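Me: I would like to go through this structure step by step, asking one thing at a time. Please reason briefly before each answer, and finish with the value or name I asked for.

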Amino acid sequence: METALTFAQPGLLTQLRRSLAADVLKLKHTPALWLTLGSGALPVLLFALIFFFKGQFILKPGENPWPAYILQSWQTATGLLLPLFVVLLSSLVLHTENKALAWKHLYAQPLSRAAVFGSKLLVLLGLNLLAQVVYAVLLVASGWLLGVLRPGLHFADFAAPLGAIVPLLWHTFVATLGILALQYVAALWWRSFAAPVAVGMACTIVALTLMRWEYINWVPYAAPLLSLKAVGKGLAVGWALSTSGLLALGWAAAALLLGYVLLGFRHEGAAR
Amino acid sequence: MKTNSLLVETRALSFGFGPRQVLHQLDLQVPAGSIYGFLGPNGAGKSTTLRLLLGLLPAPAGTVHLFGHDQARHRLAALGQVGALIEMPSLYDHLSGRDNLEVTRRLRGLPAGRTAEVLATVGLSADAHRPAREYSLGMRQRLGLALALLPDPQLLILDEPTNGLDPNGIIEMRALLQTLQREHGKTILLSSHLISEIERVATHVGVLQQGRLAFQGSVAELQRRQQGHAQVVIDTDDAARCQLLLPVDLGGATVLGPGRLGVPYQSAEQMAYLAQQLVLAGQPVYALHCQQPSLEQAFLHLTEPAVA
């Protein structure tokens, strides 16, 4: 017989909102959050020191230092550090659930699989964007600081190219989406920290090795570095996505769709 | 809600991991308002059954009904009325006890005051600010119970909830479960491999043996069923001598102690006859009574592997 209990089910958007609120709270004191806030500082610090000590050898006298400063830093950050950051971030965020044996608890709540999948994806996208914005802000701030500390480099004599940085961020962010989606699905499937990180690192190294390959646009782990192709002379950056950017979006869509379907076959039979 | 309605009901529920069949045609029936002790030795399939009830595993054969609704079609709505603690509690060690509860409160969209209420219920208010990684095993178990209690559920599914609790903690847990059932009308499905944990608290019992229900019913029913295992206990001076003197009546008796014998119970007349024979043989009879099997013995009878 059926009971007289109210059998209401929250709508998908409500579930997503609730799940997101919980996922944000889980970030408190996590390495994922520290990595997001701190990782942007590393390439900035590196290039600020290089320009502080050796800037006079890198820049031509009287030249606007901003394009060279931003491009060189961006190239290092996007080529190797950004893919590794995304690999590490996705594993760290999901490892919070693995470590707490929380999947069984999570799926015993009145939440659909789609809400859990969507909310964690949104958290990852948000952290990824936050890290890149923090990096860009720190980069510009370090340029201003160099203008004060090393007036001979002429940072203070030219305006910071803020108009170029926003579209540059757009290209870089889109370029990371393929990696993010693949790593997200891998971490959800394996439910381990080490396995997806190892695979992600290997893929990044392979991508860098294959950089001269004619089909490199198809390799999602190369997309962040390839996104710099959107940069024209004098740091002119348009909004139109390059082939590698479009393919990164394609990878993201395919990985998320296929991953979501595949993950439907994964059940909470083990002790987690 | 009718008191005789079933809050949990499975029909011909079967499950296997690959070729290994874990559950066979399980017809579980948990009455509303009961504390249902789900008993079985380790590996009998208890946790798998509970995971199937919650939809954590798909049921390849048979059906699960929660609150009278087909779980396959109304899973999320049903889970809104269920609080569960499956095996080890799911705790985020980097978060405080309070934040651990806050996570689940947010997941379920519950009122903000609920966290403080359940912390008080499980006696963790004073330690709520401490990171969960600093909690003892017993505190972790209590926090796990608090997570299950958070939505004020109609049905509590608790898998081995006293794991890691000290004797005081076990007594407190027992009292809490009884309060929840008696005063708040909760239905509690409680799994354990320890009969002593169940017998003081359960109103109903299901005994799982190798994936099959060996028994299901009220505790009183189980004890009645086991009356065939009742025995006459005789306290005398010398058990061995009594057996020598009365080989026909006491030859097959079990020696329970130097002056104590146990004989399978048949009837009141049998007891009178044994007393008479012992007195005639010149043996003192200090006590003679019929002893019903304990729930523990009943459990052992039900779960001992069938002899081919």
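Me: In chain A, how many Å lie between the centres of the positive and the negative side chains?
Reply: The model is a predicted one, so every value here is computed from its atoms. Chain A carries 17 positive and 7 negative side chains, which form the two sets to be compared. The centres of these two sets are separated by 5 Å.

Me: And how far apart are the mean positions of the charges in chain B?
Reply: Chain B has 25 positive and 26 negative charges, and each group is reduced to its mean position. The distance between those mean positions is 8 Å.

Me: How many helices and how many strands does chain A have?
Reply: Following the sequence of chain A, one reads the pattern α-α-α-α-α-α-α-α-α-α, in which each symbol stands for a helix. The count for chain A is therefore, with helices and strands taken as DSSP runs, 10 helices and 0 strands.

Me: What is the count of helices and strands in chain B?
Reply: Chain B contains both kinds of element, and its C-alpha trace spans about 75 × 45 × 40 Å along the principal axes. The count for chain B is 12 helices and 15 strands.

Me: What share of the accessible surface of chain A do carbon and sulfur atoms supply?
Reply: Chain A has 272 residues, of which 49% count as buried. The chain exposes about 12400 Å², and the part of this area supplied by carbon and sulfur atoms is 74%.

Me: What is that share for the accessible surface of chain B?
Reply: In chain B, 53% of the 308 residues count as buried. The accessible surface of chain B comes to about 13400 Å², and the part belonging to carbon and sulfur atoms is 51%.

Me: How far apart are the C-alpha centres of the two domains of chain B?
Reply: The domain assignment divides chain B into domain 1, covering 6-218, and domain 2, covering 231-291. Taking the C-alpha centre of each of these domains, one finds a separation of 46 Å.

Me: Which helix of chain A gives the most residues to the largest nonpolar core?
Reply: The largest nonpolar core has 74 residues, and those with the most contacts inside it are L53(B), L54(B), L155(B), I157(B) and L189(B). Although these five residues belong to chain B, a helix of chain A contributes 8 residues to this core, and that helix is α4. Apart from this core lies another, of 41 residues, including L165(B) and F215(B).

Me: Is I157(B) buried or exposed?
Reply: I157(B) belongs to strand β8 of chain B, and beyond its sequence neighbours it touches, among others, L50(B), V82(B), I86(B) and L189(B). In soluble globular proteins, nonpolar side chains tend to be buried together. The relative accessible area of I157(B) is 0%, so I157(B) is buried.

Me: What distance separates the C-alpha atoms of I157(B) and S191(B)?
Reply: These two residues are 34 residues apart along the chain, and the question is how this separation appears in space. Their C-alpha atoms are separated by 8.2 Å.

Me: Is Q183(A) buried or exposed?
Reply: Q183(A) sits in helix α7, residues 162-190 of chain A, and it touches V87(A), S90(A), P196(A), G200(A) and Y221(A) when residues up to four places away are not counted. With a relative accessible area of 1%, which is under the 20% limit, Q183(A) is therefore buried.

Me: What is the phi value of L101(A)?
Reply: Most residues other than glycine have a negative phi. L101(A) lies in the loop between α4 and α5 of chain A, and it counts as partly exposed because its relative accessibility is 26%. Although L101(A) is not a glycine, its phi is positive, at about 50 degrees.

Me: In which loop is E160(B) placed?
Reply: E160(B) also has a positive phi, near 50 degrees, in a residue other than glycine. Its relative accessible area is 11%, so E160(B) counts as buried. Its place in chain B is the loop between β8 and α6.

Key. Residues are numbered from 1 along each chain as its sequence is written. Chains are lettered from A and ligands numbered from 1 in the order in which they are written. This is a predicted model: local features need pLDDT of at least 70, side-chain atom pairs count only at pLDDT 80 or more; totals for chains, interfaces and linings use all residues. Side-chain values use heavy atoms; hydrogens and water are left out. Helices (H or I, at least four residues) and strands (E, at least two) are DSSP runs, numbered from the N terminus. Buried means under 20% relative accessible area, exposed over 50%, partly exposed in between (1.4 Å probe, protein chains only). Accessible areas come from the Shrake-Rupley method with a 1.4 Å probe; for residues, only the protein chains shown count as cover. Lys and Arg count as positive and Asp and Glu as negative; His and the chain ends are not counted. The place of a charge is taken as NZ of Lys, CZ of Arg, CG of Asp or CD of Glu. A nonpolar core is a set of buried Ala, Val, Leu, Ile, Met, Phe, Trp, Tyr and Cys residues joined through side-chain atoms within 4.5 Å. Domain bounds come from an automatic or database domain assignment. Contact means heavy atoms within 4.5 Å.
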